[in-house]
Structure formats: C-alpha cells, structure tokens
Amino acid sequence: MNFHHVSVLRQETIDNLITDPDGIYVDCTLGGGGHSRALAGRLSAKATLIGLDQDKDAIAAATERLKDTACRRILVQRNFRYLPDVLDELGIEKVDGVMFDLGVSSYQLDTPERGFSYMQDGPLDMRMDRDQKRSAYDIVNGYSQADLYRIIKTYGEERWAKRIAAFIVEARREKPLERTEELVQVIKKAIPAGARKDGPHPAKRTFQAIRIEVNDELGILHDSLEHAAQRLKPGGRLCVITFHSLEDRIAKQTLRLLATDCICPPDMPVCTCHHHAILKVKRQPILPSQEELDTNPRARSAKLRVGVRK
Ligand SMILES: C[S@@+](CC[C@H](N)C(=O)[O-])C[C@H]1O[C@@H](n2cnc3c(N)ncnc32)[C@H](O)[C@@H]1O
C-alpha cells in the first residue's frame, strides 16, 4: 500500500498543540500519520500519543510511519465520535492536546477501489470504515428523490441539486448505478452544458455531499469537538483543521459556544442556563502560508482553529 498524503498546516498545528513534551496527545484523524509523525518528533519517551482513524488502511500506514518514534503509541481503529470511550478504556481522564484534521486523505481519494473519486472509475463506495454497512451505492440507489435533493443541496451546496436528484432517480429505474463513472455521467447530463463549462469538475459537489452522508461527517462533529474539549487539562489545546465551509461553520460555532459563559436569550433578566466557558479561542483561524499553497493545492481551503482549555 502506497499511502500518499501531504499533511496540511502541519507545523502550525503542532506548534499550537504541544504544551508539554512529556504529555498525552490525541490525533483523532491519523491518516498516513503525517501530523502524528511531526508531533511524535517533538515528544519525549515519557509522552503518550493516542491515534484514531476509522479506516484500517490508515492505521496500517500510520503504524509503519510511527514505528521508530520514542513516545508510547496507542493506535486504534475507531470513529472519533467514541473518543471518550477510548480514553475511558485506557484509564486516561485528561490529555494535553487533541487534534482533528477533518475529511478524507489523498490516499482515500486517489485509490479508485475506495469509490471516492470522480476522476477515476471505481465502485460506488465512499466508506472510510469498510466495516460500516451503508455505502454510496445504498444512498444513490436507495434514497428517495427528496432525500437525494436534500443532501446534494445541503452538503454539496449544489445549485443543480434538484435536476441531479431527478436524473439519478430516472437513471436507476433501468438498473442500479454501480460505478462512480456511471454517476459522473448522470451528473453531467443533469447540469446544463453552459453551466458545466467553467469552474470545478461538475461532479465535485455531489460527490462531496454523498461522501458526507455516507460517513455522517457533519452529524458527529459538534459533539466530538465538545467531548474532546471536555477531556483537556487546563491549558490543554484543541486544534481543528477544516476543508470546506460547512465543516468550518460547525467547528467555529462549536468553539465559540464552548468559549461563552451565558447562552441565555439576551432579554433574560437573570441567567438560567448556567453555561460556563471551558475554552478560550482566537477569533481568526490560522491559514496556510503562501509557500504551502504553492506546493499543495489541497491546502487552499484549509483553516486551523485552536481552543485553549481554561
Ligand atoms: C485528512 S486525513 C488525515 C491526514 C493526517 N493528518 C496526515 O497528516 O497524514 C483524515 C483522516 O481522518 C479519518 N477520519 C475522518 N473522519 C473520521 C472519524 N469520524 N473517525 C475517525 N477517523 C476519521 C479518515 O479516514 C482519514 O484517514
């Protein structure tokens, strides 16, 4: 397996994450272990690095990449929504830092058999965790037209969502769509030629939408970030890298909420919510440098948000 992935905002993330070189750190999205490798390189032999990924291939690649690092390493194939359970099982109450580098890896995108790519033909799959039942096939062939429209519109922010949903339903009447290339052809037919001329690949937004739905990427984000923040020691850091506006909105709003004391409606005479801020956050996200943008086009839309536990 050739696990190709160039880590985004690597230095910036590690610089913000580490407060104690002997501490306990969690990488919730190991991928190829790029961030973790850089992190481990700055930790002592007394430190612990816990790495999670729901993709078996990522665990295998990261295990290899991290094998000669000094710190204690615990790599687990698990969805990060279960971070509190993983820490409980390890008997770890609080940690010094937690990072998330959201979305898919280049390896997942560029491996046709994983079915994420609209550029190379493969089965309609898109599962990060291949033990999971629901795949892109089930969504494309099983969702009602209204549900297809809803996800393509909401998660893809696709202007032609209505037509694409209708064309998918029409195409699958003959036989189920099985390959990514078949879906790409249906999407191309649905989008008028004039609108297809400029801009990104016509299937980009629909593929993003289906991928988000298959992996419930946005549904689990708010709670996962909150759980991670709750497990930080005072002064501990939460670092989140996002790659599109929907993801970033959830990260921004969650961090802002965790940094707010009272969340009662403004006309409430006394506080009844008893909400207490547990984080301090910087308003502005950290963006990739020009140098990084010049060498890694995937960094274009990346934003790093950092929270510091009170
Ligand atoms: C952008 S890649 C991470 C790359 C990594 N930081 C590096 O430098 O090599 C995102 C990884 O997160 C994993 N992932 C996404 N959502 C996840 C979730 N809810 N739970 C666990 N892993 C997840 C994906 O399988 C993928 O391997």
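# Briefing: a mixed sheet and its helices

Val-26 stands opposite Ile-50 in strand β2. This pair belongs to the pairing of strand β1 (residues 24–27) with β2, which runs in the parallel sense over 4 bridges. The model is a predicted one. Its strands include 7 that form an open sheet with mixed pairing. The points below take the sheet, the helices that lie on it, two helix pairs and two single residues in turn.

**The sheet as a whole**

- The order of the 7 strands across the open sheet is β3-β2-β1-β4-β5-β7-β6.
- Strands β3 (72–77) and β6 (279–281) stand at the edges, because each has a single partner strand and so has one side without a neighbour in the sheet.
- On average, neighbouring strands of this sheet are turned by 15° against each other, when direction is ignored.

**Strand β2**

- Strand β2 covers residues 48–53, and 6 of its 6 residues are buried.
- One side of β2 carries Thr-48, Ile-50 and Leu-52, and the other carries Leu-49, Gly-51 and Asp-53; these residues are all buried, which leaves both faces covered.
- Ile-50, the residue opposite Val-26, is therefore counted as buried, since buried means under 20% relative accessible area and Ile-50 is listed among the buried residues of β2.

**Strand β5 and its two partners**

- Strand β4 (residues 95–101) pairs with strand β5 (residues 232–242) in the parallel sense, over 6 bridges.
- Within that pairing, Met-99 has Cys-239 of β5 as its bridge partner.
- Strand β5 also pairs with strand β7 (residues 303–309), in the antiparallel sense and over 6 bridges.
- Cys-239 appears here again, standing opposite Val-306 in β7.
- Leu-238 has Gly-307 as its bridge partner in β7.

**Helices on the sheet**

- Helix α1 (residues 10–17) lies across β1, β4, β5 and β7, and runs at about 165° to β5.
- Helix α12 (residues 221–230) packs on the sheet and touches β4, β5, β6 and β7.
- The direction of α12 makes about 155° with that of β5.

**Helices α7 and α8**

- Two packed helices are described by the angle between their axes and the distance between the axes.
- Helix α7 (residues 145–156) packs against helix α8 (residues 161–174) at an angle of about 140°, and their axes are 8 Å apart.
- This angle makes α7 oblique to α8, because the roughly antiparallel class takes angles over 145 degrees.
- The crossing of α7 and α8 is right-handed.
- On the α7 side, the contact involves Gln-145, Leu-148, Tyr-149, Ile-152 and Lys-153.
- On the α8 side are Ala-161, Lys-162, Ile-164, Ala-165, Ala-166, Ile-168, Val-169 and Arg-172.
- Sorted by class, the contact of α7 with α8 has 9 nonpolar, 1 polar and 3 charged residues.

**Helices α9 and α11**

- Helix α9 (residues 180–190) and helix α11 (residues 204–215) pack with their axes 10 Å apart, at an angle of about 130°.
- The angle makes α9 oblique to α11.
- α9 and α11 cross in a right-handed way.
- Thr-180, Leu-183, Val-184 and Ile-187 of α9 make the contact with Thr-206, Phe-207 and Ile-210 of α11.
- The contact of α9 with α11 has 5 nonpolar residues, 2 polar and no charged.

**His-35, a buried residue**

- His-35 is found in helix α2 (residues 34–40).
- Its relative accessibility is 4%, so His-35 counts as buried.
- Beyond its neighbours within four places in sequence, His-35 is in contact with Ser-7, Val-8, Leu-9, Arg-10, Thr-13, Ile-14, Asp-27, Met-99, Asp-101 and Ile-241.
- One of these contacts, Met-99, is the bridge partner of Cys-239 in β5.
- The C-alpha atoms of His-35 and Asp-121 are separated by 30 Å, and the two residues are 86 residues apart along the chain.

**Lys-133, an exposed residue**

- Lys-133 is found in the loop between α5 (106–110) and α6 (136–142).
- Its relative accessibility is 79%, so Lys-133 counts as exposed.
- Leaving aside neighbours within four places in sequence, Lys-133 is in contact with Arg-127 and Asp-138.
- Lys-133 and Ser-105 are 28 residues apart in sequence, and from C-alpha to C-alpha they are 21 Å apart in space.

How values were computed. Residues numbered from 1 in each chain as written. Predicted model: local features only at pLDDT ≥ 70, side-chain atom pairs only at ≥ 80, totals over all residues. Heavy atoms only, no water. Axes fitted to C-alpha atoms, helices over the stretch in contact; angles between N-to-C directions. Helix = DSSP H or I, 4+ residues; strand = E, 2+ residues; numbered from the N terminus. Parallel < 35°, antiparallel > 145°, perpendicular 65-115°, else oblique. Left-handed = near helix turned anticlockwise from the far one by under 90°. Contact = heavy atoms within 4.5 Å. Nonpolar A, V, L, I, M, F, W, Y, C, P; charged D, E, K, R; others polar. Buried < 20%, exposed > 50% of the residue type's maximum accessible area, 1.4 Å probe, protein only. Pairing = 2+ DSSP bridges.
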